Amino acid sequence: MDTDVFVTQPIPQPGLELLRRAHPGFRINSEERVLERAQLLEEVRGAAAILALLTDLIDAEVLDAAGGRLRIVANMAVGFDNIDLQAASARGIMVTNTPGVLTDATADLAWALLFAVARRIPESERFLRAGRFRHWGPLLFLGADIAGRTLGIVGAGRIGSAVARRARGFDMKVLYCNRSPRPQLETELGARRTSLEELLREADFVSLHLPLTPETRHIINARALALMKPTACLINTGRGPLVDEAALVEALAAGRPAGAALDVFEREPEVHPGLLARDDVVLTPHIGSATTSTRARMAVMAAENLIAGLRGERPPNLLNEEAWERKRPRE
Ligand code: DGY
């Protein structure tokens, strides 16, 4: 029998083709929707590999439901907060992600959101489509300057650094906060490493690029928001729970910060009604990596990780070295 591989949703064709060649009998949930919990628990039973998405919660219960043959969970995302890494490691199950290939697409979207919120693009488009554009006006849709202002990068990993580099074209001052210094950003861009507090006080645009961990959950809370300039805008293309959405709604209502642009949400796909109600907030449905070529590369990368893991090779994007050391035997 072919090794049992389960894919939780349709992924771009190049990834599926790779899987088809290596594991022709792979199973897939062919509907474009997140599986209900009970279905997921049922579908993973007996699988040796799962190709998962960020919308699939892969915790100890799922790993145990799969059973003793499960050797690898290949996530088609760079973020892996949907997977209980410790539980996987404890069971000798390898976990992989897709770093690097989505850096530019996500950095581009962060900038698109920055422009959208600063220049009030979605709001003014809604106005025009509603037939309300009757004449040019000196006071119509005044927004914020971008060139020459200060960009604050919270989390200067691959994506945060790519967002920072794009600021060069706009003569912006760049501040960043990160656990370790980024000498290259400092020499290339004259970027300055600061504390989160200082960054929040000084930046005109604050862009979030941290992974979601217990330490970073709600890092942008009421206290952090109160430090921001009343004219500043918050941009989040990282993970929704980095921001306390209820606190953000209150802060926006109080006029500090001036706006927000969010691609990710605390309880996706739900969006806080207080955000939906506001014109100074730009909202997109978690599309940071959503370009045709990026998603194809993510699918290929996830498939390659999965195939390597099942062949008994060390997958290129292994997240838990411990699991490699005590990996489950091939059947
Ligand atoms: C990721 O990969 O973690 C993004 O959120 C989706 O592409």
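Here are some worked exercises on this structure, which is a predicted model.

## Exercise 1: A pocket and its walls

Find out how much space the second largest pocket holds and which residues line it closest to the centre.

Step 1. Start with the space: the second largest pocket holds about 190 Å³.

Step 2. Now look at the walls. There are 17 lining residues, and the ones nearest the centre are Val117, Ala118, Arg120, Ala258 and Asp280.

Step 3. Sort the lining by class. You get 10 nonpolar, 3 polar and 4 charged residues.

Step 4. Ask which helices take part. Helix H5 (103–118) and helix H6 (121–129) each give at least two residues to the lining.

## Exercise 2: Charged pairs around helix H6

Work out which partners arginine 120 and arginine 126 have, and say how accessible each residue is.

Step 1. Take arginine 120. Its salt bridge goes to glutamate 123, with the closest N and O atoms 3.0 Å apart.

Step 2. Check the accessibility of this pair. Buried means under 20% relative accessible area, so glutamate 123, at 14%, is buried. Arginine 120 has 26%, so this residue counts as partly exposed.

Step 3. Move on to arginine 126. This residue pairs with aspartate 279, and here the closest N and O atoms are 2.8 Å apart.

Step 4. Place both partners. Arginine 126 sits in helix H6, while aspartate 279 sits in the loop between helix H12 (273–276) and strand S12 (281–283), so the salt bridge ties together parts that are 153 residues apart in sequence.

Step 5. Check accessibility again. Arginine 126 is partly exposed at 42%, and aspartate 279 is partly exposed at 45%.

Keep the general idea in mind: side chains of opposite charge can pair when their charged atoms come close.

## Exercise 3: Another pair, and a network

Describe the salt bridge between glutamate 313 and arginine 311, then name the residues of a salt-bridge network.

Step 1. The side chains of glutamate 313 and arginine 311 meet at 3.6 Å, N to O.

Step 2. Glutamate 313 has a relative accessible area of 35%, which makes this residue partly exposed. Arginine 311 is partly exposed too, with 48%.

Step 3. Salt bridges can also share partners: Lys173, Arg192, Glu198 and Glu202 are joined into one network that way.

Step 4. Zoom out to the whole structure, where a search finds 26 salt bridges.

## Exercise 4: Two buried threonines

Decide whether threonine 216 and threonine 150 are buried or exposed, and list what they touch.

Step 1. Find threonine 216. Look in the loop between strand S9 (205–208) and helix H10 (222–227).

Step 2. Compare its relative accessible area, 10%, with the 20% limit: threonine 216 is buried.

Step 3. List its contacts beyond four places in sequence: Leu210, Pro211, Pro241 and Leu242. On top of that, the side chain of threonine 216 reaches the backbone nitrogen of threonine 213 at 2.8 Å.

Step 4. Find threonine 150, which is in strand S6. With 9% relative accessibility, threonine 150 is buried.

Step 5. Leave out neighbours within four places in sequence. Threonine 150 then contacts Met172, Lys173, Leu175, Glu202, Ala203, Asp204 and Phe205.

## Exercise 5: Leucines inside helices

Show where leucine 225 and leucine 252 sit and what surrounds them.

Step 1. Leucine 225 belongs to helix H10 and is buried, with a relative accessible area of 1%.

Step 2. Not counting residues up to four places away in sequence, leucine 225 touches Ile220, Leu234, Ala247, Leu248, Ala251, Arg256 and Pro257.

Step 3. Pick out proline 257. Along the chain, leucine 225 and proline 257 are 32 residues apart, yet 6.9 Å separates their C-alpha atoms.

Step 4. Leucine 252 belongs to helix H11 (residues 245–253) and is buried at 2%.

Step 5. Beyond four places in sequence, the residues that leucine 252 touches include Pro257, Ala258, Leu275, Asp280 and Val281. Glycine 274 is 22 residues away in sequence, with 9.6 Å from C-alpha to C-alpha.

## Exercise 6: What covers helix H7?

Name the buried residues of helix H7 (residues 158–166) and the elements that cover them.

Step 1. The buried residues are Ile159, Gly160, Ser161, Ala162, Val163 and Ala164.

Step 2. Their cover includes H5, strand S6 (150–154), strand S7 (173–177), helix H8 (183–189) and S9.

How values were computed: Residues are numbered from 1 along each chain as its sequence is written. This is a predicted model: local features need pLDDT of at least 70, side-chain atom pairs count only at pLDDT 80 or more; totals for chains, interfaces and linings use all residues. Side-chain values use heavy atoms; hydrogens and water are left out. On a 1 Å grid over the protein atoms alone, a cavity is a set of points where a 1.4 Å probe fits but cannot get out, and a pocket is an open set with protein on both sides within 12 Å along at least five of seven lines; lining residues have an atom within 4 Å of a point. Grid points are joined across faces, edges and corners, and a volume is the space filled by probe spheres set on the points. Helices (H or I, at least four residues) and strands (E, at least two) are DSSP runs, numbered from the N terminus. Ala, Val, Leu, Ile, Met, Phe, Trp, Tyr, Cys and Pro count as nonpolar, Asp, Glu, Lys and Arg as charged, and the others, Gly among them, as polar. Buried means under 20% relative accessible area, exposed over 50%, partly exposed in between (1.4 Å probe, protein chains only). A polar contact is a pair of N or O atoms within 3.5 Å; within protein, one must be able to donate a hydrogen and the other to accept it, and residues adjacent in sequence count only if both atoms are side-chain atoms. Contact means heavy atoms within 4.5 Å. A salt bridge is a side-chain nitrogen of Lys or Arg within 4 Å of a carboxyl oxygen of Asp or Glu.
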